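Please look through the sequence and the 3D structure shown here before reading on. The text below then goes from the whole chain to single residues.

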Amino acid sequence: MLKKALKISLIISIFFAVLLAGAAFLTKKTKDNIKKAETTVPDRVEYARPEIISAKDMYKKVAKKLKEKKPEVYSVKYQKAAKSIIDKYKKNGKYTVDAPLLIVNPYGTNTTGLYIYFKHKFRVNTKYTVSVKEIDGKENIKDADFSGSLYTNTTGMPLAEQEGLIIGMIPGEKNYVSVYIYDENNKMIAKAGYKLDVPESETVTMKTLNVTHDREVSQLSEGLYSVFGLDDTGRKDKHILFYDNDGMIRAELPLVKGGDAAETNIGLIDDKLFYAVDSKRFALIDRFGKVEKLIGLEDGAVSLGDMDLNTAIRKAVTLSKRKGNDGIHSVDILEGKSKEIINFNKLFASYYKKGGSKLKFTSVQFINDNDLIVSEKNTSSVIRINNVFRNPSIKAVISGTEELKSAYEKVFYSKDGDFVSQKRQNTAYVDRSEKLGKRQYHLMVFNNNTGGRNSFYYKYMVNEEKMTYSLENAMELPYSSDGGNISLNQGYLIAASTGEGGFEEYNPDGYRLASFTFKDGKMAYRVFKHSMKGSWFTK
């Protein structure tokens, strides 16, 4: 009897186990079907006209909140007011990828930057493409698409809350923005499209540049060209312009309207942009375009031009003028303060006592945390200044003339080899990416070669132990009697010429990949290239 009962019990257990397994299978299948239905991606993007807050409307809302007719964008109160308006939208709305919160130029610092905010049921990452079908009435624009990965957080991990700035919209055109959503396994689970009419810019008319590609576009380095000092409209508006590898405008950072600006360089620190908004103030700007800090130069000083940023010590240096004297100011980003660290009249007192003519400094760069390299144009000299924050002293002079030799013979370097040194160079930088001997470094010089037929890129090997410099590489460039510069982006050389009114990019082997020229004989002062990863685009 007991055996029979056990047998019946076993049969019943097996029966219920089968039922439970079947139920679990059906439940899993149902869940899989539901998830599959939720993540089915349409074959093509359908473009809808979403609700959007224009840049003009956003400015009006801030002005109304501040009770001012024309509030200054580059002010703390404007930025706080703009953020409070955006936060209220985020709190009161239920935004999805199909109906997101969209604001053009939310903080007034990026004219075509498109702020986007939405939530998703899964943790996701967002990629996007910006397309136009015509520019200035010209159809079938070649390579008019621009793609990026939305930068939402420092780790790059997927988040259910997506918030960032879409870059690449072209002013005065109908822009088609495609958004692609990827889950934690990097599988696309959704896509959406927005059709946006972007107003014509008041300050940019050069939406495209004349471009010649010597190699495939894919061979160019990654990033955007940042163009400084381009007077596009004839009204002398100040701005920093960004063009892609096809020579198409992708962003504009407007500077203080009507004010002088030291528009010569831009830096990236802690996922934020750092640059001069006018000749007296530097700004720290987050990935949405919000100004987090405005740091003024002390005692009425003005920035004369070049700037360099040292992220390790969280300080920048800029060529400056105070009370009629040229020098260098440091800008402490952490403390939000600045001070003069070098007075060139005092530093070069020995030269001036010997009757030396006025010196003109055109570039400055950190060589390490305590020392700087500066370019002096009138004597064709590149000068190393040590201990700049405590007791500045001239450590080395590499010159194409003998004008500084009598005053600084003990630190005057000699040529090692048969070559002609630089003449009235506009910029000189150390390649900090290289690892050489402790007392060696490569010095890159944009040799304007004033009075010659061409300008040159020079690459010197500097030997501090022997106090010599040798020419390792020279490349002929379009002529620039004044202005222009060279810089590196991921090992690729970017060279800007004021004579030709454009810029070029060369690969690490010295082959020209592309040349860009501005239209109508326009010229820019300097051109750099930046990947913009960790600010506009994910790392």
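What follows describes a predicted model, beginning with the overall chain and ending with a few selected residues.

The protein chain has 539 residues, and 53% of them count as buried. Its secondary structure consists of five helices and 35 strands. Measured out along the principal axes, the C-alpha trace spans about 120 × 65 × 45 Å. The surface that the chain exposes comes to about 26,000 Å², and carbon and sulfur atoms supply 49% of that area.

Contacts and charges add to this overall picture. Take the contacts between residues at least 6 apart in sequence: 56% of them join residues at least 24 apart. The chain carries 84 positive and 67 negative charges, and the mean positions of these two groups are 7 Å apart.

The aromatic side chains come next. How many aromatic pairs does a search of the whole structure find? The search finds 23. In one of them, the ring centres of phenylalanine 274 and phenylalanine 282 are 5.3 Å apart and the planes meet at 10 degrees, so this pair is stacked. Planes under 30 degrees apart count as stacked. Both phenylalanine 274 and phenylalanine 282 are buried.

Another pair has another geometry. The rings of phenylalanine 503 and phenylalanine 518 have centres 6.0 Å apart and planes at 50 degrees, so the pair is tilted. Phenylalanine 503 belongs to strand β33, residues 502–506, while phenylalanine 518 is in the loop between β34 (512–517) and β35 (526–530), so the pair ties together parts that are 15 residues apart in sequence. Phenylalanine 503 and phenylalanine 518 are both buried.

Aromatic residues can also be grouped beyond pairs: Phe419, Phe456, Tyr458, Tyr460 and Tyr469 form one cluster. Two other tyrosine rings have a charged group over them. The charged end of lysine 127 sits over the ring of tyrosine 182, at 5.0 Å from the ring centre. Likewise, arginine 215 has its charged end over the ring of tyrosine 511, 4.9 Å from the centre.

The backbone is the next topic. Most residues other than glycine have a negative phi. Arginine 314 is not a glycine, yet its phi is positive, at about 60 degrees. Arginine 314 is located in the loop between β18 (302–310) and β19 (315–322). With a relative accessible area of 27%, arginine 314 is partly exposed.

Serine 380 also has a positive phi without being a glycine, in this case of about 55 degrees. The loop that holds serine 380 runs between β23 (372–376) and β24 (381–386). Is serine 380 buried or exposed? Its relative accessibility is 3%, so serine 380 counts as buried.

Back in the loop between β18 and β19 lies threonine 311. Threonine 311 is partly exposed, with a relative accessible area of 42%. Which residues does threonine 311 touch, leaving aside those up to four places away in sequence? They are Leu268 and Ile269. Threonine 311 and alanine 55 are 256 residues apart along the chain, and their C-alpha atoms are separated by 32 Å.

Glycine 499 is in the loop between β32 (492–497) and β33, and β33 is the strand that contains phenylalanine 503. Glycine 499 has a relative accessible area of 52%, so this residue is exposed. Not counting residues up to four places away in sequence, glycine 499 touches Tyr479 and Ser480. From glycine 499 to lysine 423 there are 76 residues in sequence and 16 Å in space, C-alpha to C-alpha.

The last residue on this route is leucine 196, in strand β9, residues 188–197. Leucine 196 has a relative accessible area of 3%, so leucine 196 is buried. Apart from residues up to four places away in sequence, leucine 196 touches Pro50, Ile52, Leu114, Met169, Glu173, Lys174, Asn175 and Val177. Glutamate 51 is 145 residues from leucine 196 in sequence, and the two C-alpha atoms are 9.6 Å apart in space.

Terms used. Residues are numbered from 1 along each chain as its sequence is written. This is a predicted model: local features need pLDDT of at least 70, side-chain atom pairs count only at pLDDT 80 or more; totals for chains, interfaces and linings use all residues. Side-chain values use heavy atoms; hydrogens and water are left out. Helices (H or I, at least four residues) and strands (E, at least two) are DSSP runs, numbered from the N terminus. Buried means under 20% relative accessible area, exposed over 50%, partly exposed in between (1.4 Å probe, protein chains only). Contact means heavy atoms within 4.5 Å. Accessible areas come from the Shrake-Rupley method with a 1.4 Å probe; for residues, only the protein chains shown count as cover. Lys and Arg count as positive and Asp and Glu as negative; His and the chain ends are not counted. The place of a charge is taken as NZ of Lys, CZ of Arg, CG of Asp or CD of Glu. Rings of Phe, Tyr and Trp (its six-membered ring) pair if their centres lie within 6.5 Å; planes under 30 degrees apart count as stacked, over 60 as edge-to-face and the rest as tilted. A charge sits over a ring if NZ of Lys or CZ of Arg is within 6 Å of the ring centre and within 35 degrees of the ring normal.
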